[in-house]
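I opened my notebook with a cup of tea and a list of things to look up. Here is what went onto the page, entry by entry.

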Amino acid sequence: MKLVKNSILFAALLFSSVLFSCESEDPVIENDEEVITDVTLKFTELDGSGTPVGDSFEFLASDPQGVELGNPTIETVNLLKGKTYRMEVLLYNSIANEDITEEVEEESDEHQFFFLGSGFTSSILTIAYDDPSGENIGLQNILSVSASPGANATELRVVLRHDLNKGYPGTENPNFTNFAQAGGESDLDITFPVQIN
Amino acid sequence: MKNIKLPTFFLLLFFFGAFSAYGQKCDLAIRGKILHQENNDPIEGAYIWVVESATGAVSDANGNFIVKELCQGTYTLTIQYLGHKEIKDSISLTSNNFTKTYRLEEESLDLGGVEIHGHKLAVQTTTAVTALYGEALLEARGESLGESLKRISGVTTFSTGNSIAKPVIHGMHSNRIMILNNGIRLEGQQWGAEHAPEIDPFVADEITVIKGAETVRFGPEAMGGVILVNPAPLPTKKDPKTNFYFTGASNGRMGNVSISHANGSDKIKGLGYQVQASAKRAGNIQSPDYYQGNTGLSELNFSGSFGYSSQKLGIEGYYSYFNTTLGILRDSHTGNLDDLINIIENGRPFSDPGFTYDIINPKQVVSHHLAKVKSHYHLTDKWKLNFQYGFQANNRQEFDKRRGDLNAKPSLDLELFTNTLDLFLDHSLKNEWSGSFGINAIQQANSNIPGTGVTPLIPNYDMWNLGFYIIEKYSKGPLEIEGGLRFDTRSVQTARYVDSELQEADLSYTNFSAFIGGFYQISPKVTFNSNLGTAWRPPNVNELFSEGLHHGAAAVEIGDADLNSEKSLKWVNELEYDGGRTHLQVTAYANQISDYIYLNPTGDTYVSLRGTFNVYEYLQANAFFYGFDFSGSYVFTERLSAYAKGSIIRAKNTDADNYFPFIPSDRMDWGLSYQFGSLSNSKTNKVTLSNMLVARQKREPDFDLAPAPDGYALFNLAYQRQFEIGKNKLNLGLQVQNLLNTSYKEYMNRFRYFTDDMGRNFLLKLNYQL
């Protein structure tokens, strides 16, 4: 059985000489740069001429683990009946310590907020885009609370669309419920409870 | 269970065939089989002469022969075949069941230009095998591997749009089947539903599908079947051959060119080379009513090989490079469950951007390098030592629609290195026995390349797999019996960070697998084969450790590190009839799988700032797959012929008594061909009208995002003609796919949720052979 012996020897030789192994890299912690962990609604009361009155106040929706697997905490928005507010939306990524508001502003042609929910359908709230650039982004808006709301608890749904067709008919309306028709995808979809006092 | 009875019937036939003929004095027969000593290939056309009776026979395509009307007595047989050593054998004939196998050894004979080299390493298996080559492959040129293979009955695709198509054999795909690129198991990121095989079909001269469980021969994961993509054998002497291919398609305005050149040395005998390159570019695909946004692709591939072969030694080096950029339908990328529901309700994409070649995010950029060396050495005329080493580097980048600079960064960036080593010893003993013993080693390293700005979906890992196997075959006359055993051991080490904490896992799996198969030639026209094999598949890393969002499905997928290996038992039977006018092939199979791994909707949803997502988890259950494929043709007249092929699959979760998603529905394809021109010349000049019928998948899983789409019927028209230009040949193909521009959705296409399939497509296919 010299043949078999030789073969085994040959095999062992080839095995040891030829097969070089690569090793996988050590894993690296990856900061989620894409996610928005904190969404702040910043309200400033405006008087009849549109001039800010008093201090601004904020309500936060946050999800420190990131968008995908978290369990968000959403604060209740407290507003006063009959008042008009400047409502700014501030976006922040606490994982990568990055201000996302600016990024959205820079890509104003690809982003747009829509404001929906029972607050608008029941006419307790009305909203208009008021972005300084004049484009409809929804980072800055004018929100009015009805002087005689039928209820004191309602909802405000904030949807951020990305990569939509901003020329699509209807998108000029911040309450456009068929925003999906304009294409794109949702980066945010948060429903804030609202308390009217 | 009708189709399970069929094989039993033929098994009975088989026994009758073998034992019914006990003859009288002078009507005995000598039966036999002629094989190549070299590679066990049957030899067709060998001449068998019985000296005493002065009668003879010629072996058929399966190497079988029969010399009839002989009396009892002693005879001298001479067996001759060009370029092979003559065999003289003295036999004593007493009964009618005499059969013997002869192996012809190649002679180094220079027959004035007619030189025969037998270094072809074909797959020798008793399982159901179907190959795509010659004219059928010519008609498929320009299509992806998955699309091309749809021409074989029992093979369908699991696709993501029109550019990503994964082959499905008997209902199994991804890690449950195996693809071999010139003998090396293709190792990419096959686990993903939207990860197409990284292979250019233009490297192939022949694509073979083995429908049986072949883990013994090829290693773990070959549960459903194996696809062999093989280039033409290298030339061994000066004989320059150049092939030029062009495919143009109206839909997607696709252009595809390929050129290949092969030649051998006139100085050194046995030295040859082959080079090949192809490029492909396509833009947005058009459905009947709209363009699908961002569905273009671009591809650039190259391969080259050289080899040397002599009487004793064969060496071959091979390298192939595959590179593709694939656009992913913009609207398939959804932000949350609401987005997904909206587009499913809409039934088509919201956007219709018209035609463009531009590819934007979301897209995939994939490259794959494969290098191998292969060698064999004839230790003696009966023992051959084979060695094969392959190295593969796969890089997959997936880009999502993100914000600002992040768009330039891939969201998924994986690099996979694979080393494979095969060492096996072939033997073909006197006279009936042949087989091989082998060792197979696979080593893999998978890394997430940092800098994606996204938590990786799967961990980094290292994998080792070592397998030992033995396969033995007994061939006598019309009968071949084959059996094999294999032992595998695999270890996997993974590492990743979860919430800034390093998590490591060390897993190991071992398994025995075995198969037994038989091939019997019932009559010169009818053959039957049956194969029973076990197979296994260790859980894949994504099934073990996935934890994250799958954008296309708006789903959070959760792995389970405690999953067991899947184990299957597959029984495949194939009956083939080849009579003058009629050709028929029927394959019936049953596959019992324990611990089948599948993605199950939990019914829960995750609520996040981005919206809501469905949650899926990987579970295991026992599964039973069965079904049959058929393909047949009939020649009515010299000009008119017809064909039909189809497949039926049933797959069930036998634990939960429900159905798995994405199992192909019943389908058939039939057509009529008419041959023009002079009947005396063999050049193709024919037109084929075909009709594809696909039923609705009525066996749906309990949960799906959308119900299965309706059945559909498509008509296709093809014209194929061969011209001779001097010594060269020009093959011209004109095709119209989806002739009536029918709007339809295919159940096996994941984009059925978002869009209709492709509309009408005109194709021009040219092949010029120098």
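**Entry 1: chain A.** Before counting, I noted that helices (H or I, at least four residues) and strands (E, at least two) are DSSP runs, numbered from the N terminus. I also reminded myself that this is a predicted model. On that footing I found three helices and 11 strands in chain A. Along the sequence I read the order as α-β-β-β-β-β-β-α-β-α-β-β-β-β. Of the 197 residues in chain A, 46% are buried. I then looked at contacts in chain A between residues at least 6 apart in sequence, and 70% of these join residues at least 24 apart. The exposed area of chain A came out at about 9,300 Å², with carbon and sulfur atoms supplying 49%.

**Entry 2: where the chains meet.** How much area is buried between chain B and chain A? I got about 5,000 Å², and carbon and sulfur atoms give 59% of it. On the chain B side, B:Arg403, B:Leu609 and B:Arg610 lose the most area to chain A, together 20% of what that side buries. In contacts, 64 residues of chain B meet 58 residues of chain A.

I went on to the pairs across this interface and listed 25 residue pairs in polar contact. Strand 25 of chain B gives the largest share of the side that touches chain A, with six residues. By class, I sorted that side of chain B into 30 nonpolar, 22 polar and 12 charged residues.

**Entry 3: salt bridges.** My tally over all chains is 42 salt bridges, and 12 were found across the interface of chain B and chain A. I jotted down a general reminder that side chains of opposite charge can pair when their charged atoms come close.

One crossing pair is B:Arg330 with A:Asp163, at 2.2 Å from N to O. It runs from the loop between strand 21 (313-327) and helix 5 of chain B to the loop between strand 10 (153-162) and strand 11 (185-196) of chain A. Are these two partners buried or exposed? B:Arg330 counts as buried because its relative accessible area is 10%, while A:Asp163, at 23%, counts as partly exposed.

Next I looked up A:Asp187 and B:Arg403, whose closest N and O atoms are 3.5 Å apart in a salt bridge. A:Asp187 sits in strand 11 of chain A, and B:Arg403 in the loop between strand 23 and strand 24 of chain B. A:Asp187 is buried at 5% relative accessibility, and B:Arg403 is buried at 2%.

I also checked a pair within chain B: B:Glu214 forms a salt bridge with B:Arg217 at 3.0 Å. B:Glu214 is buried at 1%, and B:Arg217 is buried at 18%. Tracing shared partners, I found one network that includes A:Asp163, A:Asp187, B:Arg330 and B:Arg403.

**Entry 4: two residues of chain B.** I placed B:Arg103 in strand 7 (residues 98-104). B:Arg103 is buried, with a relative accessible area of 7%. Its C-alpha atom is 8.3 Å from that of B:Lys33, 70 residues apart along the chain. Among the residues B:Arg103 touches are B:His36, B:Glu432 and B:Trp433.

Last came B:Asn728, in strand 39 (residues 728-737). B:Asn728 counts as buried because its relative accessible area, 19%, is under 20%. Its side chain makes a polar contact with that of B:Tyr768, at 3.1 Å.

Key:
Residues are numbered from 1 along each chain as its sequence is written. Chains are lettered from A and ligands numbered from 1 in the order in which they are written. This is a predicted model: local features need pLDDT of at least 70, side-chain atom pairs count only at pLDDT 80 or more; totals for chains, interfaces and linings use all residues. Side-chain values use heavy atoms; hydrogens and water are left out. Buried means under 20% relative accessible area, exposed over 50%, partly exposed in between (1.4 Å probe, protein chains only). A polar contact is a pair of N or O atoms within 3.5 Å; within protein, one must be able to donate a hydrogen and the other to accept it, and residues adjacent in sequence count only if both atoms are side-chain atoms. Contact means heavy atoms within 4.5 Å. Buried area is the accessible area (1.4 Å probe) that two parts lose on being put together, summed over both. A salt bridge is a side-chain nitrogen of Lys or Arg within 4 Å of a carboxyl oxygen of Asp or Glu. Ala, Val, Leu, Ile, Met, Phe, Trp, Tyr, Cys and Pro count as nonpolar, Asp, Glu, Lys and Arg as charged, and the others, Gly among them, as polar. Accessible areas come from the Shrake-Rupley method with a 1.4 Å probe; for residues, only the protein chains shown count as cover. Lists of a residue's contacts leave out its neighbours within four places in sequence.
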